[in-house]
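The following exchange examines the terms used to describe this assembly. Each answer sets a computed value against its criterion and then draws the conclusion.

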Protein chains: 2
Amino acid sequence: MDSLTALQKFRQYFERYVPLTDEEWLALSQYLTVDALKKKRFYVEAGKVCDHIGLVVKGSVRYYHVKDGEEITGYFSFEDEMLSSYKSFLTRTPAANYIQALEDSVIVNLSHKNLQQACMNELLGFKMERFGRLTAEHYLICYEERITSFITQSPEERYADLLQTGGEALYRIPQHYIANYLGITPVSLSRIRRRIMKISA
Amino acid sequence: MDSLTALQKFRQYFERYVPLTDEEWLALSQYLTVDALKKKRFYVEAGKVCDHIGLVVKGSVRYYHVKDGEEITGYFSFEDEMLSSYKSFLTRTPAANYIQALEDSVIVNLSHKNLQQACMNELLGFKMERFGRLTAEHYLICYEERITSFITQSPEERYADLLQTGGEALYRIPQHYIANYLGITPVSLSRIRRRIMKISA
DNA sequence: TCAAAACGTTAACAAAAGATAAGGAATTTC
DNA sequence: GAAATTCCTTATCTTTTGTTAACGTTTTGA
């Protein structure tokens, strides 16, 4: 994917929240970079400050923590989703997790410094602020729903929901990552899958 | 607590994120109301649109869902914390949960209509937008940490953390609400408590 | 292309959690 | 102030989940 297409995708995403004039977009695009992220490479590493926020325009990434030497997958981002270790990015503290490309990906990046400059830009400031608010609100709602699912649903119900809402991208993800995401072990997920197979068979 | 003190508390909270001139505060305060919420009364009810966002200036509330006729507690808000059913408030859709006062409380409220007007107010607009972004980001971080705890920690570890971070307010909350909050049954929490007692004894 | 590593499933056993019920203490309600 | 309700703990039994290991398949990387 070439840089121009990638940037166009970013503009489309941005304008879902805040419309831009061509002039504003021209200004905003100066602050963006388009980066390739090869499979298995890291977008963020635990212990380092996450210095950018990005939009996945191609490919996918997974978020994971390391605990007792084990990798625990917490989340995924696919095409047309933002990615960042938000706490680290927002508070300028070392990240607790890794973000790694699941496949060869392309990310449109906005560095912390550039974001600050864009916010101080007379032409863009207000719209950046608004985009920031709406993005944070969007993910706030996503997280609220995820927490609700942990409290009110069984792992089996969560998996059934995931199968419905998650698109074809789900089939590209190893089961044990999904098991982590659901908060269970791979063995448990395998049992759930067998139960579902039996019912639908 | 009188209205003036309550409003002062709101100003203090707001200014932790965005400083205000006296003039701006005067304008902002016109949009606020101070409401008493008696114990057991509802701030939000499932099925109804949550039309306001508030700051708890006295007392506490709990958030809960009803599933299969059972109440499942998902969260609490104490003094100096915002409260709202964010998804409902932000998307103008019916809330999925209840928010109920745990004790006689006082809430400083900002209705959806007033928030919109405040955002369009020439003097306040930019600062409201910024406050909105920073508040959303703050809760985004809280939720991110909560999700991480569900994935990487055992219920026992989550409870230990809760004991450390949660203040004396914890001792005012019934155990079975806390059990829900941790994603386990009251019986399980009781067993965990016994194990901890034995170790520390 | 071939050896090594990673994956998903299954089995057997151990550990933990859920369900239910009972009992006593604390709190609420009239 | 007394009756009723709520609350926490404990015990017992059942179900679910975790752990470990094995096996065949697929994917990866040199």
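Q: Why does the pair formed by A:Arg193 and a phosphate oxygen of DNA strand C count as a polar contact?
A: In this predicted model, an N or O atom in the side chain of A:Arg193 is 3.2 Å from a phosphate oxygen of DNA strand C. The cut-off for a pair of N or O atoms is 3.5 Å, so the pair qualifies as a polar contact. A:His176 meets the criterion as well, since an N or O atom of its side chain is 3.0 Å from a phosphate oxygen of DNA strand C.

Q: What makes the approach of B:Arg191 to DNA strand C a contact with a base?
A: The partner atom is a base nitrogen of DNA strand C, and a polar side-chain atom of B:Arg191 lies 2.8 Å from it. That value is within 3.5 Å, and therefore the pair is a polar contact made to a base. Helix H7 (175-182) and helix H8 (186-200) of chain A, together with helix H8 (186-200) of chain B, are the elements that give two or more residues to the surface near DNA strand C. H8(A) gives the most, with five residues.

Q: How do you know which residues surround DNA strand C, and how many are there?
A: The test is a heavy atom within 4 Å of the strand, and 16 residues surround DNA strand C. The closest are A:Gln175, A:His176, B:Thr185, B:Ser188 and B:Arg191. On the side of the nucleic acid, 67% of the atoms of DNA strand C that come within 4 Å of the protein belong to sugar and phosphate. By class, the residues of this surface divide into five nonpolar, five polar and six charged.

Q: What makes A:Lys39, B:Ser190 and B:Arg193 polar-contact partners of DNA strand D?
A: A polar side-chain atom of A:Lys39 lies 3.1 Å from a phosphate oxygen of DNA strand D. For B:Arg193, an N or O atom of the side chain is 3.0 Å from a phosphate oxygen of that strand. B:Ser190 addresses a sugar or linking oxygen of DNA strand D, at 3.2 Å. Each of these values is within 3.5 Å, so each pair satisfies the definition. H8 of chain A together with H7 and H8 of chain B are the elements that give two or more residues to the surface near DNA strand D, and H8(B) supplies the largest share, five residues.

Q: Which residues are closest to DNA strand D, and how is the surface near that strand composed?
A: Here 16 residues surround the strand, and the closest are A:Ser188, A:Arg191, B:Gln175, B:His176 and B:Arg193. Sugar and phosphate account for 65% of the atoms of DNA strand D that come within 4 Å of the protein. The surface comprises four nonpolar, five polar and seven charged residues.

Q: Why is the pair B:Arg133 and A:Glu129 called a salt bridge?
A: The N to O distance between the two side chains is 2.4 Å. The limit for a nitrogen of Lys or Arg and a carboxyl oxygen of Asp or Glu is 4 Å, so the pair is a salt bridge. Across the interface of chain B and chain A, the rule finds eight salt bridges and 12 residue pairs in polar contact. H5(B) gives the most to the side of chain B that touches chain A, with 20 residues. That side divides into 13 nonpolar, 10 polar and 10 charged residues.

Q: What is the extent of the contact between chain B and chain A?
A: Each chain contributes, with 33 residues from chain B and 33 residues from chain A. The area buried between them is about 3300 Å², and carbon and sulfur atoms give 70% of it. B:Glu129, B:Leu140 and B:Ile151 supply 20% of the area that chain B buries against chain A, more than any other three residues.

Q: How do you know whether chain A is as compact as a globular protein of its length?
A: Chain A has eight helices and eight strands. Its radius of gyration is 18 Å, close to the 17 Å that the globule rule gives for 201 residues, so chain A is as compact as a globular protein of that length. Its C-alpha trace spans about 60 × 35 × 35 Å along the principal axes.

Terms used:
Residues numbered from 1 in each chain as written. Chains lettered and ligands numbered in written order. Predicted model: local features only at pLDDT ≥ 70, side-chain atom pairs only at ≥ 80, totals over all residues. Heavy atoms only, no water. Contact = heavy atoms within 4.5 Å. Buried area = accessible area lost by both parts, 1.4 Å probe. Polar contact = N/O pair within 3.5 Å; in protein donor to acceptor, adjacent residues only side chain to side chain. Helix = DSSP H or I, 4+ residues; strand = E, 2+ residues; numbered from the N terminus. Nonpolar A, V, L, I, M, F, W, Y, C, P; charged D, E, K, R; others polar. Rg over C-alpha atoms; globule rule 2.2 N^0.38 Å.
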